[in-house]
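User: I would like to go through the reasoning behind the labels attached to this model, one label at a time. Please set each value against its cut-off before drawing a conclusion.

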Amino acid sequence: EQALSQFTPLNIKGTHPEASVLIALTNQPDPEIILTRRASHLCSHSGQVAFPGGMKDHSDPNLKFTALRESWEEVAMPPDEVRIIGRLNQGVSHMGVRVTPWVGIVEPDI
């Protein structure tokens with residue numbers, strides 16, 4: 001947590017569409033990571049395992065909000081129960097989307 005608070009993440013310049021994901025770690029001695037698995041019948045990214053997250057909506061005020069909104073929509077993780085501790089470097093997906101990852105702490109029973 002301390003290292004992440006001192007980390008300066010890299011931003012990718014360009015006109016890529018934007019998305020955001022949440023790396024949710026459980027608050028326990030051996031933390032777990034919350035992931036999603038996309039349904040096998042979907043036409044996009046079917047069966048893939050991923051962090052909760054998705055594309056930024058025009059109404060989202062920022063990318064942290066996007067990660068929290070998408071986590072709520074995908075896995076019913078209440079935004080007010082996630083303690084964001086920092087951000088990691090942006091990356092560009094194989095689909096050409098600029099993805100911003102956020103790291104958050106959640107209680108194990110979430």
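Why the labels apply

Analyst: Phenylalanine 65, at 39% relative accessibility, counts as partly exposed, because that class lies between the limits of under 20% for buried and over 50% for exposed. The residue lies in helix H2, and its C-alpha atom is separated by 28 Å from that of histidine 41, 24 residues away along the chain. Please keep in mind throughout that this is a predicted model.

User: What makes threonine 66 count as buried?

Analyst: The relative accessibility of threonine 66 is 0%, and buried means under 20%, so the label follows for threonine 66. Threonine 66 also lies in helix H2. Leaving out residues up to four places away in sequence, threonine 66 touches Ser20, Gly54, Met55, Lys56 and Asp60.

User: How do you know that arginine 69 forms a salt bridge with aspartate 57?

Analyst: The closest N and O atoms of arginine 69 and aspartate 57 are 3.5 Å apart, and the rule asks for a side-chain nitrogen of Lys or Arg within 4 Å of a carboxyl oxygen of Asp or Glu, so the pair qualifies as a salt bridge. Arginine 69 lies in helix H2 (residues 63-75) and aspartate 57 in the loop between strand S5 (53-55) and H2, so the pair ties together parts that are 12 residues apart in sequence.

User: Why is the contact between the side chains of arginine 69 and aspartate 57 also called polar?

Analyst: The distance given for these two side chains is 3.5 Å, and a polar contact requires a pair of N or O atoms within 3.5 Å, where one can donate a hydrogen and the other can accept it; the contact between arginine 69 and aspartate 57 is therefore counted as polar.

User: Are the two partners, arginine 69 and aspartate 57, buried or partly exposed?

Analyst: Arginine 69 has a relative accessibility of 13% and counts as buried, because the limit for that class is under 20%. Aspartate 57, at 34%, counts as partly exposed, because partly exposed covers what is in between under 20% and over 50%. Beyond the residues up to four places away in sequence, arginine 69 touches Met55, Lys56, Asp57 and Asp60.

User: What separates glutamate 73 and arginine 69 along helix H2, and what makes the pair a salt bridge?

Analyst: Being 4 residues apart in helix H2, glutamate 73 and arginine 69 are separated by about one helical turn. Their closest N and O atoms are 3.1 Å apart, and the cut-off is within 4 Å, so glutamate 73 and arginine 69 form a salt bridge. Salt bridges that share partners join Asp57, Asp60, Arg69, Glu70 and Glu73 into one network.

User: How many salt bridges does the rule give, and which parts of the chain does the one between glutamate 1 and arginine 83 link?

Analyst: The count by this rule comes to 6 salt bridges. Glutamate 1 and arginine 83 form a salt bridge, their closest N and O atoms being 2.6 Å apart. That pair links distant parts of the chain, with glutamate 1 in the segment before helix H1 (2-5) and arginine 83 in strand S6 (residues 83-87), 82 residues apart. Glutamate 1, at 55% relative accessibility, counts as exposed, because exposed means over 50%, whereas arginine 83, with a relative accessible area of 41%, is partly exposed.

User: Why does isoleucine 23 count as buried, and which residues is isoleucine 23 in contact with?

Analyst: Isoleucine 23 has 12% relative accessibility, and the class of buried residues takes values under 20%, so isoleucine 23 counts as buried. Isoleucine 23 has its place in strand S1, and, leaving aside neighbours within four places in sequence, is in contact with Ile33, Phe51, Leu88, Pro101, Trp102, Val103 and Gly104.

User: What is notable about the phi of alanine 76?

Analyst: Phi of alanine 76 is near 55 degrees, a positive value in a residue other than glycine. Most residues other than glycine have a negative phi. Alanine 76 lies in the loop between H2 and S6 and is partly exposed, with a relative accessible area of 45%.

Methods
Residues are numbered from 1 along each chain as its sequence is written. This is a predicted model: local features need pLDDT of at least 70, side-chain atom pairs count only at pLDDT 80 or more; totals for chains, interfaces and linings use all residues. Side-chain values use heavy atoms; hydrogens and water are left out. Helices (H or I, at least four residues) and strands (E, at least two) are DSSP runs, numbered from the N terminus. Buried means under 20% relative accessible area, exposed over 50%, partly exposed in between (1.4 Å probe, protein chains only). Contact means heavy atoms within 4.5 Å.
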